[in-house]
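Let's walk through this one together, starting with the place where the chains meet and then moving to a sheet and its neighbours. Have the viewer open as you read.

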Number of protein chains: 2
Amino acid sequence: MPLITALDVIDVRFPTSRTLDGSDAMNPEPDYSAAYVVLRTDGTGPDGSGLAGFSLLFTTGRGNDVACAAVRSLAPYVVGRSVEELVADVGALARELTWDGQLRWLGPEKGVMHMAIGAVVNAGWDLRCRVDAMPLWRVLAAMSPAEIVAQIDFTYIDDALTPVEATGMLEVAFAGRDARIGALVDAGLPAYTTSAGWLGYDDAKVERLTKQAVADGFTMMKLKVGADLVSDMRRFRVARAAAGDDVRIAVDANQRWGIAEAIHWMSQLAEFDPYWIEEPTSPDDILGHRTIHDSVAPIRVATGEHVQNRVIFKQLLQARAIDVVQIDACRVGGINENLAILLLAAKFGVPVCPHAGGVGLCEMVQHLAMFDFVAVSGSMEGRWIEYVDHLHEHFVEPVIVIEGRYRAPQRPGIGAQMLESSIAEFRFPDGPAWTTSPS
Amino acid sequence: MPLITALDVIDVRFPTSRTLDGSDAMNPEPDYSAAYVVLRTDGTGPDGSGLAGFSLLFTTGRGNDVACAAVRSLAPYVVGRSVEELVADVGALARELTWDGQLRWLGPEKGVMHMAIGAVVNAGWDLRCRVDAMPLWRVLAAMSPAEIVAQIDFTYIDDALTPVEATGMLEVAFAGRDARIGALVDAGLPAYTTSAGWLGYDDAKVERLTKQAVADGFTMMKLKVGADLVSDMRRFRVARAAAGDDVRIAVDANQRWGIAEAIHWMSQLAEFDPYWIEEPTSPDDILGHRTIHDSVAPIRVATGEHVQNRVIFKQLLQARAIDVVQIDACRVGGINENLAILLLAAKFGVPVCPHAGGVGLCEMVQHLAMFDFVAVSGSMEGRWIEYVDHLHEHFVEPVIVIEGRYRAPQRPGIGAQMLESSIAEFRFPDGPAWTTSPS
């Protein structure tokens with residue numbers, strides 16, 4: 001019976017700050033990075049090659065070494081485990097790591113340690129996908145309602161959603177799974193693009209990229225705002241003129257504002273018909289989001305990429321503070337916690353529009369959105385997966401977005417596996433991308 | 001002009017799990033530990049010795065290496081700085097670290113990275129105290145209302161407390177500062193003891209230690225609860241009988257419960273007159289605390305040792321979800337953020353009863369409670385500092401608790417400096433305490 005033999009962690013960083021791709025009001029110069037995780041085994045996969053689980057924890061540069069250290073600290077919890085037992089119940093590993101009596105002090109369930117736990121849990125899911133020879137969305141869609149519910153930790157959320165309710169919701173959606181799998185494989189899921197709207201882009205580039213996005217078939221796009229109101233109004237006017245009235249345009253302040261500032265700013269941007277305001281303020285401020293929500297309606301309020309765990313999502317939903325749940329592939333304690341968040345969103349009738357971009361976030365989070373469509377919400381209505389057109393070339397199975405829609409991935413895994421050549425090139429600080437001066 | 005020359009970080013761990021001191025419902029076997037921080041300079045202190053700033057980040061064992069890695073990652077932000085500029089405005093360093101566009105992804109403002117930022121900020125305050133040749137509480141008590149307000153980041157809290165309001169509150173308290181300093185130096189501040197109530201202690205030990213606590217002059221104590229209701233009722237009965245009706249006895253569930261469980265459990269413990277229920281559930285659950293608060297009244301609800309930042313404290317206060325604010329010396333982004341939390345608590349009229357224990361938490365947090373008494377709340381009413389009687393012998397200036405009261409510390413610093421001999425003995429994993437088998 002194969003065993004886990006090692007937990008390898010590699011610091012991979014892309015020098016994206018040199019081009020201002022990814023610039024926003026809070027992240028003026030990000031270097032998109034990943035603590036890249038490989039769960040090695042002494043087993044062989046269905047294809048005859050060495051069996052391993054791949055995962056990553058996305059960061060924006062400095063601190064990626066801390067993320068690597070946090071993942072490495074978890075090696076004693078996984079090395080030596082039976083692969084068969086691990087893939088039979090990844091939730092057991094998630095619980096063990098989350099509730100470790102000593103590690104818990106570093107969170108609990110938030111920040112670097114929680115993200116590191118998520119990365120290791122996700123590597124366990126990647127391993128399971130390879131054993132099952134299916135992409136994650138299909139692995140999840142093949143599980144019974146009871147199996148899915150057994151993977152979820154209901155601690156601190158059972159006042160909003162009980163296991164019995166969750167099972168009932170999944171059972172209601174069960175009948176339509178096969179038809180929705182067919183629809184998904186045929187037509188994919190809607191995407192929206194952020195590629196046109198980075199804060200570091202000038203008006204001409206925003207106009208050109210907006211027109212390109214519409215020509216490419218996107219029905220929704222997003223602009224970064226929050227640094228300067230006059231500039232935001234100008235850029236939004238440019239984008240709206242280029243996009244026309246039928247394309248939805250959301251705005252994203254990346255937590256730049258306090259409550260009063262958010263309300264004022266959105267009152268000024270309202271004339272351009274923003275579809276949602278994303279991250280208007282601190283992701284921790286549930287009551288603040290409710291106040292903003294009540295003040296800017298009918299403009300929707302969205303958040304989630306920095307929401308630390310299911311407990312904060314639960315409250316944002318209980319308080320009716322947000323209209324859009326933006327799950328992230330790497331923020332919370334792994335796929336198991338994201339299953340809880342998908343079910344909470346469905347319980348409160350709020351659509352999930354995943355955050356993506358960064359390094360591999362599109363590749364990973366699409367699986368969760370597809371599972372949500374197939375087995376939880378059962379709907380594409382009001383749902384888009386974020387799409388940012390960069391760094392996909394470094395992945396073994398890059399996302400395929402055609403006519404503004406994500407196509408269902410087909411290879412086994414959770415989508416995180418990178419090309420060996422990319423890892424070698426962008427390894428920090430010793431890869432050629434970092435040791436050679438930029439041309 | 002002296003410069004910061006190095007940021008040294010040492011992994012120090014005490015094998016407390018061997019005795020079950022510190023055991024509670026969530027931390028059955030903690031090894032109290034510290035990422036110990038020394039900000040070295042090329043300057044000389046007022047006493048002629050080398051000038052350095054000392055700080056620490058408390059953890060409960062595993063993960064202390066991750067905390068060390070997080071602190072080390074901050075060295076480039078401080079090494080080479082002018083000592084004079086740093087101590088003139090520690091808040092500027094706090095802002096720079098907290099709002100770093102790349103590090104922020106790892107929080108924001110929560111978990112290991114935020115605690116590491118707090119540890120470095122606090123080392124800056126320790127340096128200031130040594131330059132000023134005063135203990136922290138006196139340094140803070142010597143600052144004008146405007147100087148204090150300038151040290152606080154009001155981002156995300158100005159909907160609850162504006163700089164103008166904070167200044168006004170400090171000005172009102174200003175007149176009485178000298179008299180309160182006199183009262184503090186004469187009589188100290190009330191303490192409560194947790195030493196009698198660890199979950200791993202049997203009934204006889206609880207009874208003996210409770211009687212000892214009362215004989216030692218404590219007017220308040222605390223029991224750990226949450227693992228087993230029948231056992232909790234038995235232990236509370238033992239403690240109540242030993243303490244008599246006049247001694248306040250609080251209980252602490254260390255986040256063990258969901259909402260319904262907390263309410264049920266406290267309904268069963270109510271007959272023993274608990275003074276407060278501490279950490280009934282997740283520290284992230286503001287709405288949950290409000291529900292518990294409204295259901296268990298008049299029993300008070302307390303939390304804070306795991307509350308990640310000022311934004312969560314703000315909401316706990318706005319929602320009237322807690323009756324006691326438990327600041328911690330090492331959880332948030334340093335003394336600057338704790339100043340914000342003290343002012344928020346005062347604004348909402350909620351007493352601050354600091355969490356302590358662990359490694360050096362008593363030594364450090366007493367300064368903030370004393371500043372709160374002297375310059376913010378101006379009151380001892382309903383306020384106690386937690387006291388746990390262990391590991392003090394490792395500090396250069398151990399706390400002095402006499403007749404159940406913390407006496408004001410006198411040496412320059414924030415209280416975190418450890419003895420070189422203790423560091424050498426308990427250094428992990430190479431100190432003799434770890435390389436020699438327990439006797």
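## Where the chains meet

In this predicted model, 54 residues of chain A are in contact with 54 residues of chain B. On the chain A side, the elements that each put in two or more residues are H1, H5 (111–132), H12 (259–269), H13 (286–296) and H14 (310–318). The top contributor is H1(A), which gives 5 residues.

What sort of residues make up that side of chain A, by class? The tally is 21 nonpolar, 22 polar and 11 charged.

## How the copies are related

Two copies of a chain can be related by a rotation about an axis plus a shift along it. Here, a turn of 180° with a shift of 0.0 Å along the axis lays chain A on chain B with an RMSD of 0.0 Å. That is how a two-fold axis relates its copies.

To find the axis on screen, look for Gly111(A): of the residues of chain A, its C-alpha comes closest to the rotation axis, at 2.2 Å. As for the contact itself, 100% of the interface residues of chain A are interface residues in chain B too, so the copies meet through the same surface.

## A sheet of three strands

Now for the sheet in chain A. It's an open one with 3 strands in the order E1-E2-E3 (chain A), paired antiparallel. Strands E1 (4–13) and E3 (50–59) of chain A are the edge strands; each has a single partner strand, so one side of each has no neighbour in the sheet. On average, neighbouring strands are turned by 20° against each other, direction ignored.

Strands of a sheet pair through backbone hydrogen bonds. E1(A) and E2(A) are joined antiparallel by 9 bridges, and Leu7(A) sits opposite Leu39(A) in E2(A). On the other side of the pairing, 9 bridges also join E2 (residues 33–44) of chain A to E3(A), again antiparallel. Val38(A) stands opposite Phe54(A) in E3(A), and Thr44(A) has Gly50(A) in E3(A) as its bridge partner.

## The helix on the sheet, and the hairpin

Which helix packs on this sheet? Helix H1 (residues 64–72) of chain A does, touching E1, E2 and E3 of chain A, and its direction makes about 175° with that of E1(A). H1(A) is also the element that gives the most to the side of chain A touching chain B.

One last spot to check is the hairpin of E2(A) and E3(A), with 5 residues between the strands. There, Gly48(A) takes a positive phi near 90°.

How values were computed. Residues numbered from 1 in each chain as written. Chains lettered and ligands numbered in written order. Predicted model: local features only at pLDDT ≥ 70, side-chain atom pairs only at ≥ 80, totals over all residues. Least-squares fit on C-alpha atoms with pLDDT ≥ 70 in both. Contact = placed C-beta atoms within 7 Å. Pairing = 2+ DSSP bridges. Helix = DSSP H or I, 4+ residues; strand = E, 2+ residues; numbered from the N terminus. Axes fitted to C-alpha atoms, helices over the stretch in contact; angles between N-to-C directions. Nonpolar A, V, L, I, M, F, W, Y, C, P; charged D, E, K, R; others polar.
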